[in-house]
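Biologist: Could you take me on a close look at the inside of this protein? I'm new to this, so please go step by step.

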Amino acid sequence: MDLLIPDKVHDESRQGEALILEPVGKHNGRKLYIESYGCAMNFSDSEIVASILAEKGFETTADFNNADVVFINTCSIRENAEVRVRNRLKEFAGAKFKNPGMVVGVLGCMAERLKAKFLEEEKLVDVVVGPDAYRDLPNLIEQVDSGQRAVNVLLSREETYADISPVRLNSNGINAFVSIMRGCDNMCSFCVVPFTRGRERSRDAYSVVAECQALFDAGYREVTLLGQNVDSYKWTKPLPALSEGEGSEEANQKVSPLTSGGDLEGAGVVNFANLLEMVALVSPELRVRFSTSHPKDITDEVLYTIAKYENICNYIHLPVQSGNSRILDIMNRTYDRDWYINRIDAIRRIIPGCAISTDVITGFCTETEDEHNDTVSMMDYVKYDFAYMFKYSERPGTLAAKRYADDIPEEIKQKRLAQIVAKQQEYSFYRMQARIGMVEKVLIEGYSKKSDKDYCGRSDQNAMVIFPVSENYKPGQYVNVLVERTTSATLIGKIVG
C-alpha cells in the first residue's frame, strides 16, 4: 500500500526519523536527539523546536545514547502511531538508566491529548509539551534540571511561530515545507486534531512569502505550503494607524484587495488563492505545492490561480473519506457526495490533467455494505492518482467516540479496506500508463534509492520519475523527461531536449 502514496504529507519512510543539523554558533555542551512521527506538520514542527534550542546552544546527535535531551515528536491520528511511540520510549529507558541526567520529553499531538497523565503512564518521561508551547522548551528543560517534571500543553489562539526561521532538517536542499497556519476548526467526528492542535489561525502572509523567498535564495526550488485545511487560510493585514480626525469611514476606504501584482496595498484580507499567487510570484523557478485541501472550502478562485501560474503544481490532495452522504454527515464533513463530485468536476474543467489524491476511511461507525459501495463507486468516478487508505480506528476524545459505537467487525473493515486498496492499485496504474509517451517537467531531487546511475524527481502531477543520470544536469535543476514505461507508482524514462 505504501507504493500508492508517493506524497510528502505522511511519508512512511520518514517515521521515526532523527534530525541532524550542522553545528551553528556557540554551543552549551549539551546534545539534543529528536525524532518525529506523523504528518508533515510534525516534521515541520521539529524544525521549529531545533531552531529554538539551537539558539540556546544545543547540538544535535544521531544517537540517542549520546544525548542529554531526547525528544519524540508524536502523532495521535491513529492508534498504531501511539503504540509505536510507547514502544520507542521503552527503548530510551536503557539509555536513561545509564545516564540518569538525561531529559526525556514527549512533544506534539500525543502530548496534547494525554497531558499530565503521560507523566504517570510513562515514568520515564520528564517533559510533556503541546504543539503551541515550543517556545517554552528552554524553561521546561531548566525545570527538569532542577529536579521537577514539567508540562506545558496550553493551546494558543495566536501562536504561529511566524518569526522563527526553521532550520531545515535532513534536507536535500531542494524541497521544503512551509507552515502557513496551525490548528483546525472543522471538528470531523473521527479526528483528534482540533483537540491536539487547537483552533485554526493563519500566519502573516508576508512572513510566509519572506520564508519562501529566503528558501529560493538559498537554492531551494520547491515549497509545500502546509495546513490542516489550507483552503480556509485567511489573514487580515492590519489597518494603517489613523491620524487625528480620521474616522472609520475614511479608514474603510483605505482597504483594498490583493493587487494583480500579488501584494497588498493598505489593509486587506488575504485568502488562500491570494497567498498562492504571492508565493508563485517569488520566482517562476520556485515550484509551489500545498496540502491539505478540504472539499467544503476549495474554491474556483483557487483552481483558477493554479491554472494561471505554471509553477503552481497541478496536483490536489482532496480527502473524500467516504462516498456516501449519510456517512459523510455523521463524520461531520459538512459536504455530501454531490458537493464532492461538483468540486472534482470543477478541477477537471479548470485544470485539465490535474492529478488528484485522496484519503479514504473504511468501516466507519454504522457503515453498511451499500454505503461502502458508494465509496467504491466514487473511486470509479474520480480514478484517483494516489490514495491514503485506512480502516476506521476509534480515537479517544473524538466526537465519534462519544456519539457512535465502533460497531463494524474487524474482519469486515479489513475486507472493505482490501477492496479499496485493490481498486486504487488499478487506478494508480491506469493514471501512470496514461503518461507513457508524454514529456514530463521534472525537478531533480537526487539519486534514485536503487541506483546512483539514475536520478529521481517528481513531475508536476507529483508522480515519482526515474531516469538515467546525465552529466549535464544536477539536483535542483529542471529537466524534460520522456516517459517510456511505468509501475503503479513510478514513471520511468529518459531526458530529452
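Modeller: Sure, and keep in mind that this is a predicted model. Let's begin with the largest nonpolar core: it has 59 residues, and of these Leu225 and Ile316 touch the most other members. The element that gives the most to this core is helix α9 (residues 272-280), with seven residues. There is also a second, separate core of 22 residues, and Tyr33, Ala67, Leu89 and Ala111 are among them. As a bit of background, nonpolar side chains in soluble globular proteins tend to be buried together.

Let's go back to Ile316 for a moment. Leaving out residues up to four places away in sequence, Ile316 touches Phe290, Ser293, Ile298, Leu303, Ile306, Ile347, Ile351, Cys354, Ala355, Ile356 and Ser357.

Next, have a look at strand β2 (residues 31-36). Five of the six residues in β2 are buried, so the strand is mostly covered. On to its partners: β2 pairs with strand β3 (residues 59-60) in the parallel sense, over two bridges, and there Lys31 stands opposite Glu59. β2 also pairs in the parallel sense with strand β4 (residues 69-74), this time over five bridges. If you find Ser36, its bridge partner in β4 is Asn73.

Now follow the chain through helix α1 (residues 40-54). Together, β2, α1 and β3 make a right-handed β-α-β unit. Like the strand we just saw, α1 is mostly covered, with 14 of its 15 residues buried. You can check the length of α1 yourself: at 1.5 Å a residue, its 15 residues should span 21 Å, and the end C-alpha atoms are indeed 21 Å apart, which agrees.

Two single residues are worth a visit as well. Gly183 sits in the loop between β9 (181-182) and α6 (193-197). Being in a loop doesn't leave Gly183 out in the open: its relative accessible area is 4%, so it counts as buried. Gly198 is 15 residues away along the chain, yet the C-alpha atoms of Gly183 and Gly198 are separated by 4.8 Å. Not counting residues up to four places away in sequence, Gly183 touches Arg197, Gly198, Arg199, Glu200, Arg201 and Gln228.

Last stop: Ser207, in helix α7 (residues 205-217). Ser207 has a relative accessible area of 16%, and the cut-off for buried is under 20%, so Ser207 is buried too. Its side chain is joined to that of Arg203 by a polar contact of 2.9 Å.

Definitions and conventions: Residues are numbered from 1 along each chain as its sequence is written. This is a predicted model: local features need pLDDT of at least 70, side-chain atom pairs count only at pLDDT 80 or more; totals for chains, interfaces and linings use all residues. Side-chain values use heavy atoms; hydrogens and water are left out. Helices (H or I, at least four residues) and strands (E, at least two) are DSSP runs, numbered from the N terminus. Buried means under 20% relative accessible area, exposed over 50%, partly exposed in between (1.4 Å probe, protein chains only). Contact means heavy atoms within 4.5 Å. A polar contact is a pair of N or O atoms within 3.5 Å; within protein, one must be able to donate a hydrogen and the other to accept it, and residues adjacent in sequence count only if both atoms are side-chain atoms. Two strands pair if DSSP finds at least two bridges between them. A crossover is right-handed if, with the strands pointing away from the viewer, the path from the first strand over the helix to the second runs clockwise. The expected span of a helix is 1.5 Å times one less than its number of residues. A nonpolar core is a set of buried Ala, Val, Leu, Ile, Met, Phe, Trp, Tyr and Cys residues joined through side-chain atoms within 4.5 Å.
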